[in-house]
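The following paragraphs walk through a single protein model, moving from one helix to its partners and then to the loops. Please keep the sequence and the coordinates in view while reading.

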Amino acid sequence: MSTYVRHVTPVAPERANGLVARVYEQANTEASSIGPAVQMISPAPEILAAGWSLTREAHLVGAAPVLDKTLVALGVSQANHCHYDTLAWLGALRLLGRPDLADAVDRGEPPADARHAALLDWARSTATPGAPAPLPDEPVAEYFGTALISHFINRLVLAMLPAGLTPGTLDPADEPAFEGAPVFRQWRTDRAPGASLPLLAGLPEGRPPQWGDGTPAGTAYATLAAAAGQGAGLLTPAACHAVRDVISAHRGRRPADTDHLDEPLSRLPEQERIGARLAVLAGLLPQALTDDEVAAWRATDRRYSDHCTVYLLAYGAMAAVGHIEADLAEAHTSGAESA
């Protein structure tokens, strides 16, 4: 196992081939080094490709300023208590030439720019069940896509990266070499929208949500949802039903504790309950997922691999993100109808 990714052995860039190599090449060329938050998903190339595509098409290209969408990713990460991603996005703001903005947000102060403050408030509100704060800007697909991929990646980071790991390191005990560097190291102005979509060829196709229909971000979101949904095949129908019930009861958001997560799973046979609990934790309380629990699940079937592990965690994470997407879509539709 890797020292900087839990539960699986990631694909190192120098050993990558096929779809993983193509994703690594595009990500490395356009934006970032291939750090732990990218490599952790590599045992499941389809999830990796769809996640990168949504990141690129929603966050890195399009009409909305990258700075504004970075604030969205930062706000989501703060609301999810994802320290690794919070540090990464603060570093990205500094790389974008706004150390003053990064420092203010890090101190807990609202941005001086009212629109930036509203975007940050909106992003944070998406982590709470119910209608989010009003989205103060367009285009919706880019902001929605950025928020949703942030919720997804936050959950996998909390589940799969060691506590204390910081951007710029490969060991929790190391000092960061450069805060934010593993996320973004360059800002290109020649990125063409849709250039990541060829990476999705042959992957499961989902129906783009109404807010993203006709946009690359909408296509990438639909593919990620469809690919992660295949992780349901690792559970029995009864276990999938239990997972959906528990995550739905919390609308995909973080509960105060695990006390109310286990009771609905208690009626499942033990072997089914182990996998169902992993999926539930990945969606609702990923920081509580332990190495022993993952090992116990993998011990129930010798066929379970790193590929399966990423798929099960992605299934639980995306089941939660689906509820957040539904809340955003409902609020957007209601706002459009009342306008």
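A residue is called buried here when its relative accessible area is under 20%, exposed when that area is over 50%, and partly exposed in between. The model is a predicted one, and the terms just given can be applied at once to helix H9, which covers residues 216–229. In H9 the buried residues are Ala217, Gly218, Ala220, Tyr221, Ala222, Thr223, Leu224, Ala227 and Ala228. The helix has 14 residues and reaches 20 Å from its first C-alpha to its last, close to the 20 Å expected at 1.5 Å a residue.

Helix H4, residues 66–79, invites the same kind of reading. At 1.5 Å a residue its 14 residues should span 20 Å, and the C-alpha atoms at its ends are indeed 20 Å apart, so the expected and the computed spans agree. H4 is mostly covered, with twelve of its 14 residues buried; these run from Val66, Leu67, Asp68, Lys69, Thr70 and Leu71 through Val72, Ala73, Leu74, Gly75, Val76 and Ser77. What lies over these buried residues? The cover includes helix H3 (45–60), H5, helix H6 (99–106), helix H7 (114–125) and helix H8 (140–160).

Two of these partners can be described through the geometry of their packing. Two packed helices are described by the angle between their axes and the distance between the axes. For H4 and H5, the axes come within 8 Å and cross at roughly 160 degrees. Because an angle over 145 degrees counts as roughly antiparallel, H4 is roughly antiparallel to H5. The crossing of this pair is left-handed, and the contact is made on the H4 side by Leu67, Thr70, Leu71, Ala73, Leu74, Ser77 and Gln78, and on the H5 side by Asp85, Thr86, Trp89, Leu90, Ala92 and Leu93.

H4 meets H7 in another manner, with the two helices packing at an angle of about 40 degrees and their axes 7 Å apart. H4 and H7 are therefore oblique to each other. Here H4 contributes Leu67, Asp68, Leu71, Val72, Gly75, Val76, Gln78 and Ala79, while H7 contributes Arg115, His116, Leu119, Leu120, Trp122, Ala123 and Arg124. The crossing of H4 past H7 is right-handed.

H3 and H8, which are both among the elements that cover H4, also pack against each other: their axes come within 8 Å and cross at roughly 140 degrees. That angle makes H3 oblique to H8. H3 passes H8 in a left-handed crossing, in which Ile47, Gly51, Leu54, Thr55, Ala58 and His59 of H3 meet Ala141, Glu142, Gly145, Thr146, Ile149 and Phe152 of H8.

The loop between H4 and H5 holds Asn80 and also His81. Is Asn80 buried or exposed? Asn80 has a relative accessible area of 10%, and because this is under 20% the residue counts as buried. Its side chain joins that of Asn154 through a polar contact of 2.9 Å. Leaving aside neighbours within four places in sequence, Asn80 is in contact with Ala127, His151, Asn154, Arg155, Leu158 and Arg254.

His81, by contrast, is exposed, with a relative accessible area of 53%. Just after H4, this residue takes a positive phi of about 55 degrees, although His81 is not a glycine. Most residues other than glycine have a negative phi, and most peptide bonds are trans. Arg251 is a further non-glycine residue with a positive phi, of about 50 degrees. Arg251 lies in the loop between helix H10 (237–249) and helix H11 (270–284), and is partly exposed, with a relative accessible area of 27%.

A last stop is Ala195, found in the loop between H8 and H9. Ala195 is partly exposed, with a relative accessible area of 32%. Not counting residues up to four places away in sequence, Ala195 touches Gln26, Arg56 and Glu57. From Ala131, Ala195 is separated by 64 residues in sequence and by 33 Å in space, C-alpha to C-alpha.

Methods. Residues are numbered from 1 along each chain as its sequence is written. This is a predicted model: local features need pLDDT of at least 70, side-chain atom pairs count only at pLDDT 80 or more; totals for chains, interfaces and linings use all residues. Side-chain values use heavy atoms; hydrogens and water are left out. Helices (H or I, at least four residues) and strands (E, at least two) are DSSP runs, numbered from the N terminus. Buried means under 20% relative accessible area, exposed over 50%, partly exposed in between (1.4 Å probe, protein chains only). A polar contact is a pair of N or O atoms within 3.5 Å; within protein, one must be able to donate a hydrogen and the other to accept it, and residues adjacent in sequence count only if both atoms are side-chain atoms. Contact means heavy atoms within 4.5 Å. The expected span of a helix is 1.5 Å times one less than its number of residues. Axes are lines fitted to C-alpha atoms, for helices over the stretch in contact, and angles run from 0 to 180 degrees between N-to-C directions. Angles under 35 degrees count as roughly parallel, over 145 as roughly antiparallel, 65 to 115 as roughly perpendicular and the rest as oblique. A crossing is left-handed if the near helix is turned anticlockwise from the far one by less than a right angle, and right-handed if clockwise.
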